[in-house]
Amino acid sequence: MTAVLCDRYGAPDTLWLDEVPIPAPAPGEIRVRVHAGTVNRTDTATLRGHPFFARAMTGLLRPKMPTLGMDFAGVVDALGDGVSAFRPGERVFGLSPERFGAHAQYLCLPADGPIARIPGDLAFDEAVVGEGAWYADATTSLLSEGARCLIYGASGAIGSAAVQLAKARGAHVTAVVGTRHLELAQSLGADRVVNYETEDFTALGERFDLVIDAVGKTSWRACRPLLTPDGIFTATDLGPGWSHLFLSGWCALTGSKRVRLPFPENAPGFVRRLAGLMAEGRFRGVFDRRYRLDEIVEAFRYVETGQKTGIVRIDIL
Ligand SMILES: NC(=O)c1ccc[n+]([C@@H]2O[C@H](COP(=O)([O-])OP(=O)(O)OC[C@H]3O[C@@H](n4cnc5c(N)ncnc54)[C@H](OP(=O)(O)O)[C@@H]3O)[C@@H](O)[C@H]2O)c1
């Protein structure tokens with residue numbers, strides 16, 4: 001099979017395409033013939049080995065996983081011993097957050113992992129929506145019905161998912177985006193859309209129960225005046241000078257809940273819930289450019305610009 005390989009941390013051009021043996025599913029695993037994948041900020045950060053402490057999980061000196069790629073959609077192609085939850089030929093999508101491996105024609109995963117059937121006749125390339133949504137879920141899970149939240153940077157993979165997941169939780173959502181994404185934020189269901197290029201979002205005269213920095217471009221200091229007395233500031237990125245990391249650590253030590261940097265959990269449960277939301281028409285992917293597998297270096301370079309809208313897809317033929 002064709003796979004994108006990496007054997008060291010570095011820039012996108014350290015990746016190369018090669019022919020490798022098709023993996024055999026171990027007991028309890030399924031093998032998926034991958035048709036669509038993505039390049040996302042988890043893939044780009046993992047390739048760079050940034051932040052350094054993340055190498056405790058991905059490998060100290062070089063990446064443990066020979067192939068990156070966290071999002072996949074495809075067809076179940078073979079079953080390992082003891083698997084009864086899936087049948088060959090079923091269309092599935094999901095996440096591979098530990099082993100990665102979706103930048104290849106075949107991928108083996110535990111059958112009880114983050115995998116779900118693709119709802120209805122949704123195309124493979126519309127089902128690769130997991131990565132940003134999983135991170136978005138870690139922050140929006142802090143919301144309850146009727147809560148008011150502000151999502152800063154609602155045009156990226158995480159931000160665009162966060163708007164939809166917050167609405168699905170019954171929250172009132174104010175989305176902050178740049179001029180080119182105003183219509184997108186509205187179409188995702190935001191109750192109010194603020195243009196950060198023409199308005200000072202910190203001076204809206206409103207208070208929020210939750211402020212989410214979905215792109216790591218604002219700060220607790222700037223957003224503090226926006227919060228209700230019990231309001232929480234949360235982020236998906238370490239923030240300027242790792243400030244989000246230090247503040248959330250300080251809050252954890254002092255018992256305060258004001259600044260949180262939640263890590264996504266329970267990927268299998270989340271992927272099944274996401275499939276349900278997609279089937280009900282309450283969640284959809286927001287897609288930017290698409291690339292072929294042999295254009296993966298270009299895809300990584302584009303994602304690293306930090307300018308994508310939603311998700312960058314990879315067609316895997
Ligand atoms: N913890 C992890 O392992 C992990 C995993 C995934 C992502 N992350 C982090 O989470 C953040 C979001 O990831 P993502 O994939 O959603 O990002 P993304 O898709 O790359 O976000 C890009 C979007 O952000 C917008 N943007 C850029 N600068 C902005 C600014 N100053 N204010 C508001 N919006 C701005 C861009 O549009 P405009 O420039 O036109 O506004 C673009 O649409 C990233 O910082 C990423 O590193 C962390």
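The following exchange concerns the cysteines and the ligand site of a predicted model.

Q: How many disulfides does the count come to?
A: The count comes to zero disulfides.

Q: Why is there no bond for Cys-149?
A: The closest cysteine sulfur to that of Cys-149 belongs to Cys-223 and is 12 Å away, which is too far for a bond. A disulfide requires the two sulfur atoms to be within 2.5 Å.

Q: And is Cys-149 buried or exposed?
A: Cys-149 is buried, as its relative accessible area is 0%. Cys-223 also counts as buried, at 0% relative accessibility.

Q: Turning to the ligand, which residues come nearest?
A: There are 22 residues around the ligand, and Tyr-152, Arg-180, Tyr-196, Asp-237 and Lys-308 come nearest.

Q: How do the shell residues divide?
A: Seven are nonpolar, nine are polar and six are charged.

Q: Where does the ligand lie with respect to domain 1 and domain 2?
A: The ligand lies between them, because domain 1 (2-129 + 285-315) and domain 2 (132-260) both contribute residues to its shell.

Q: What is 2.8 Å from an oxygen atom of the ligand?
A: That is an N or O atom in the side chain of Ser-155. For Thr-236, a polar side-chain atom is 3.2 Å from a ligand oxygen, while for Val-215 a polar backbone atom is 3.4 Å from a ligand oxygen.

Q: How much of the ligand's accessible area does the protein cover?
A: The protein covers 86% of the 920 Å² that the ligand has on its own.

Q: Which elements give two or more residues to the shell?
A: These are helix H1 (41-48), helix H3 (130-140) and helix H4 (157-168).

How values were computed
Residues are numbered from 1 along each chain as its sequence is written. This is a predicted model: local features need pLDDT of at least 70, side-chain atom pairs count only at pLDDT 80 or more; totals for chains, interfaces and linings use all residues. Side-chain values use heavy atoms; hydrogens and water are left out. Buried means under 20% relative accessible area, exposed over 50%, partly exposed in between (1.4 Å probe, protein chains only). A residue is near a molecule or strand if one of its heavy atoms lies within 4 Å of it. A polar contact is a pair of N or O atoms within 3.5 Å; within protein, one must be able to donate a hydrogen and the other to accept it, and residues adjacent in sequence count only if both atoms are side-chain atoms. Accessible areas come from the Shrake-Rupley method with a 1.4 Å probe; for residues, only the protein chains shown count as cover. Helices (H or I, at least four residues) and strands (E, at least two) are DSSP runs, numbered from the N terminus. Ala, Val, Leu, Ile, Met, Phe, Trp, Tyr, Cys and Pro count as nonpolar, Asp, Glu, Lys and Arg as charged, and the others, Gly among them, as polar. Domain bounds come from an automatic or database domain assignment.
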